[in-house]
Amino acid sequence: MRKFFGYILSPLTIIAFFLVLIIFQPLQWISYRFFGYSAHKKVVDVLNWFLFSTFYLTGNSVVFTNKQHLPIGRPIIFMANHQSLADIPPLIYYLRKYHAKFISKIELTKGIPSISYNLKYGGGANIDRNDSRQSITEIVKLAVRMKENKWSAVIFPEGTRSKDGIVKPFLVGGIATILKKCPEALIVPIAINNSWKLNRWGYYPLNTFTRATWDVLEPIEPAGIPVEDVVKEAENRIKKALGQA
């Protein structure tokens with residue numbers, strides 16, 4: 001039944017999603033070119049609110065829960081499991097006061113309205129997975145910006161999306177690189193659940209009437225702890241929150 005409604009409702013979501021991207025492309029250009037980073041960031045925040053709001057057109061819902069008292073003005077590394085591209089807009093919007101930046105594939109910086117522009121100018125790291133030296137350099141630059149500006153980063157340590165929601169082993173590399181340059185960063189796990197179901201049949205039809213959740217978990221102070229242990233602890237907390245421990 002959900003798939004049946006998906007065939008009917010998916011065009012509404014897809015059209016609305018791409019219409020939002022097209023509308024916000026010139027808005028980003030104007031805000032960044034004439035008013036700078038702060039204005040551009042506000043436009044991006046609103047963009048992502050509209051993006052995940054299109055999910056509601058298929059009867060889906062986004063529930064983002066943050067009961068943690070996280071510091072403002074301190075770099076944070078948000079570590080989340082990764083289930084779909086739908087993970088990203090709620091993270092950008094609900095973590096907006098922490099100036100959360102992403103590590104993205106460099107291929108995404110071209111050809112996608114709004115998204116490519118933000119990846120180029122939003123302050124994140126755009127890496128070439130075929131060039132390890134370039135990737136490390138970009139992540140180091142991100143860590144330096146985090147340290148200097150008190151920004152944060154969102155990392156998906158699995159390295160790729162989980163198509164069935166089962167958490168894959170977390171990789172240490174990117175997190176270790178950031179902590180080396182920005183050791184004062186706080187580690188905050190985020191458990192994402194059911195977002196993979198939104199695209200369980202691909203991009204058409206989209207799933208319908210699904211409740212996807214984002215839960216911010218208790219922070220981890222990394223000082224004095226081997227980075228491998230910090231990453232493993234974050235992985236275990238996310239698995240426990242998802243009932244996979």
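# A tour from the second largest pocket to the strands

Begin at the second largest pocket, which has a volume of about 200 Å³. This is a predicted model. To display the lining of this pocket, select Gln 83, Ser 84, Leu 85, Arg 161, Ser 162, Lys 163, Trp 196, Asn 199, Gly 202 and Tyr 203. Coloured by class, the lining shows three nonpolar, five polar and two charged residues.

**The whole chain**

Now zoom out and show the chain as a cartoon. Seven helices and seven strands should appear. Followed from the N terminus, the elements come in the order α-α-β-β-α-β-α-β-α-β-α-β-β-α. Along the principal axes, the C-alpha atoms fill a box of roughly 55 × 50 × 40 Å. The radius of gyration of the chain is 18 Å, which agrees with the value near 18 Å for a compact globule of 245 residues. Colour by accessibility next: buried residues account for 48% of the 245 residues.

**Strand 6 and its partners**

Select residues 186-193, which form strand 6. Seven of its eight residues are buried, so strand 6 is largely enclosed by the rest of the structure. Add strand 2, residues 76-80, which pairs with strand 6 in the parallel sense over five bridges. To find one of the paired positions, pick Phe 78 and look for its bridge partner in strand 6, Val 188.

Then add strand 7, residues 211-216. Strand 7 runs antiparallel to strand 6, and four bridges join the two. Here the pair to pick is Ile 190 and its bridge partner in strand 7, Val 216. With the strands on screen, look along an edge: in a regular strand the side chains alternate between the two faces of the sheet.

**The loop between strands 6 and 7**

Stay with the connection between these two strands and select Pro 205, which lies in the loop between strand 6 and strand 7. What is the geometry of the peptide bond from Tyr 204 to Pro 205? The bond is cis, with omega near -5°. Tyr 203, part of the lining of the second largest pocket, can be shown alongside for orientation.

**Strand 3 and its partners**

Move to residues 100-105, strand 3. Strand 3 runs parallel to strand 5, residues 152-155, and three bridges join them. Ala 100 has Ser 152 as its bridge partner in strand 5. Strand 3 also pairs in the parallel sense with strand 4, residues 125-127, over three bridges. For this pairing, select Ser 104 and its bridge partner in strand 4, Asn 126.

Now show helix 4, residues 115-121, together with strands 3 and 4: the three elements make a right-handed β-α-β unit.

**Two residues with positive phi**

Two stops remain, each in a loop beside strand 3. Select His 99, in the loop between helix 3 (88-94) and strand 3. Its phi is near 55°, a positive value in a residue other than glycine. Is His 99 buried or partly exposed? His 99 counts as partly exposed because its relative accessibility is 25%, and buried means under 20%.

Finally, select Ser 114, in the loop between strand 3 and helix 4. The phi of Ser 114 is near 70°, again positive in a residue other than glycine. Ser 114 has 0% relative accessibility and therefore counts as buried.

Key: Residues are numbered from 1 along each chain as its sequence is written. This is a predicted model: local features need pLDDT of at least 70, side-chain atom pairs count only at pLDDT 80 or more; totals for chains, interfaces and linings use all residues. Side-chain values use heavy atoms; hydrogens and water are left out. On a 1 Å grid over the protein atoms alone, a cavity is a set of points where a 1.4 Å probe fits but cannot get out, and a pocket is an open set with protein on both sides within 12 Å along at least five of seven lines; lining residues have an atom within 4 Å of a point. Grid points are joined across faces, edges and corners, and a volume is the space filled by probe spheres set on the points. Ala, Val, Leu, Ile, Met, Phe, Trp, Tyr, Cys and Pro count as nonpolar, Asp, Glu, Lys and Arg as charged, and the others, Gly among them, as polar. Two strands pair if DSSP finds at least two bridges between them. A crossover is right-handed if, with the strands pointing away from the viewer, the path from the first strand over the helix to the second runs clockwise. The radius of gyration is taken over C-alpha atoms; the globule rule is 2.2 Å times the number of residues to the power 0.38. Buried means under 20% relative accessible area, exposed over 50%, partly exposed in between (1.4 Å probe, protein chains only).
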